[in-house]
Amino acid sequence: MTELKPVTQASAVKATPTLPDAQTVTDVKHWTDRLFSFRVTRPQTLRFRSGEFVMIGLMGDPDPKTGKQKPLLRAYSIASPAWDEELEFYSIKVQDGPLTSRLQHIKPGDQIILRPKPVGTLVHDALLSGKRLWFFATGTGFAPFASLIREPQTYEDYDQIILTHTCRDVAELEYGRKLVEDVRNDEMLAELMGEGFADKLVYYPTTTREQSPRMGRVTDLLEDGTIFRDLGIDGITPETDRAMVCGSIGLNTDLKKILEGFGLREGANSDPAEYVVEKAFVG
Ligand code: A2P
């Protein structure tokens, strides 16, 4: 006769988090040697608006003198939409970066620190109502838009959403390309947002350092009118167009000038207007 082992209390109890505000990694995908995305458990009490960011990180190395450890935190846009059960993030790997040199090695089951205080300006509340919404991203600046293209309000509020993403090479576009494809084929999203919602979404990827169907910085393509010709649009006007920008400091500065040149004014949560900007945070 086989002896049945009793289930011990200890095996039924979940592992106690060892970090403050700990969340558990559920999935990690490496897109290139510079880019990866990961998903973590979502604190039950965390509410956020699609497009916002939170502080996440790991425990730092012990101080050589005191032996004390402090959390090493950076701002990360939440790449998943507000309705998702988990939280997704999209990150660069900086080989000598204090956080991402270590964060890039996380695996499912590991824990990260997540401060549950979401903030940010890339939210629908910071824009006045309009007809066409532009998302301008470079590199990992795509993350807040990964959230917003899965947000029903985006499709409820606008007739057309133009998502531009400029990267150095084709491989760096892959996270965004696949996400757009998944959004277009997602039956649950179609149920949530209405059949045909994805027809409103126009994806406009460009590369600057590798040959691809569309080449050049989005700023240059706006200034010389290429993007308008490609999309059959007359131009950007404050009456109909709204924009959200997320990229390097250079992109943000250049696009601000271009958008202001079209007559758009910068908005904020407390004072909505025609465009909003957030820098893409790097670890
Ligand atoms: P470029 O290759 O011409 O520098 P990075 O990987 O360095 O964050 O850059 C991501 C993408 O953003 C690259 O394609 C880069 O183009 C582009 N980029 C950098 N600065 C600007 C800017 N001021 N305006 C538009 N695109 C920019």
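Hi everyone, this is a short tour of the ligand site and the internal cavity in this structure. Please keep in mind that we are looking at a predicted model.

Let's begin with the ligand. Where does it sit? The ligand is found in the largest pocket. There are 13 residues around it, and those that come nearest are R34, T208, R209, R217 and D254.

Two of those nearest residues are worth a look on your screens. The side chain of T208 places an N or O atom 2.6 Å from an oxygen atom of the ligand. Its sequence neighbour in the numbering, R209, has a polar side-chain atom 2.7 Å from an oxygen atom of the ligand. With T219, the ligand partner is a nitrogen atom, and the distance to an N or O atom of that side chain is 3.4 Å. How much of the ligand does the protein cover? On its own the ligand has 560 Å² of accessible area, and the protein covers 81% of that.

Now to the cavity. How many cavities of 30 Å³ or more turn up in a search of the whole structure? Just one. The space inside this largest cavity is about 60 Å³.

If you'd like to find it, select Y76, S77, Y90, T140, A143, K279, A280 and F281, which line the largest cavity. By type, that lining consists of five nonpolar residues, two polar and one charged. And which domains supply the lining? Domain 1 (22–119) and domain 2 (124–279) each give at least three residues.

That's my tour, thanks for listening!

Technical notes. Residues numbered from 1 in each chain as written. Predicted model: local features only at pLDDT ≥ 70, side-chain atom pairs only at ≥ 80, totals over all residues. Heavy atoms only, no water. 1 Å grid on protein atoms, 1.4 Å probe; cavity = no way out; pocket = protein on both sides within 12 Å on 5 of 7 lines; lining within 4 Å. Points joined across faces, edges and corners; volume = space filled by probe spheres on them. Nonpolar A, V, L, I, M, F, W, Y, C, P; charged D, E, K, R; others polar. Domains from an automatic or database assignment. Near = heavy atom within 4 Å. Polar contact = N/O pair within 3.5 Å; in protein donor to acceptor, adjacent residues only side chain to side chain. Areas by Shrake-Rupley, 256 points an atom, 1.4 Å probe, with all protein chains shown as cover. Sits in = over half its atoms within 2 Å of the grid points.
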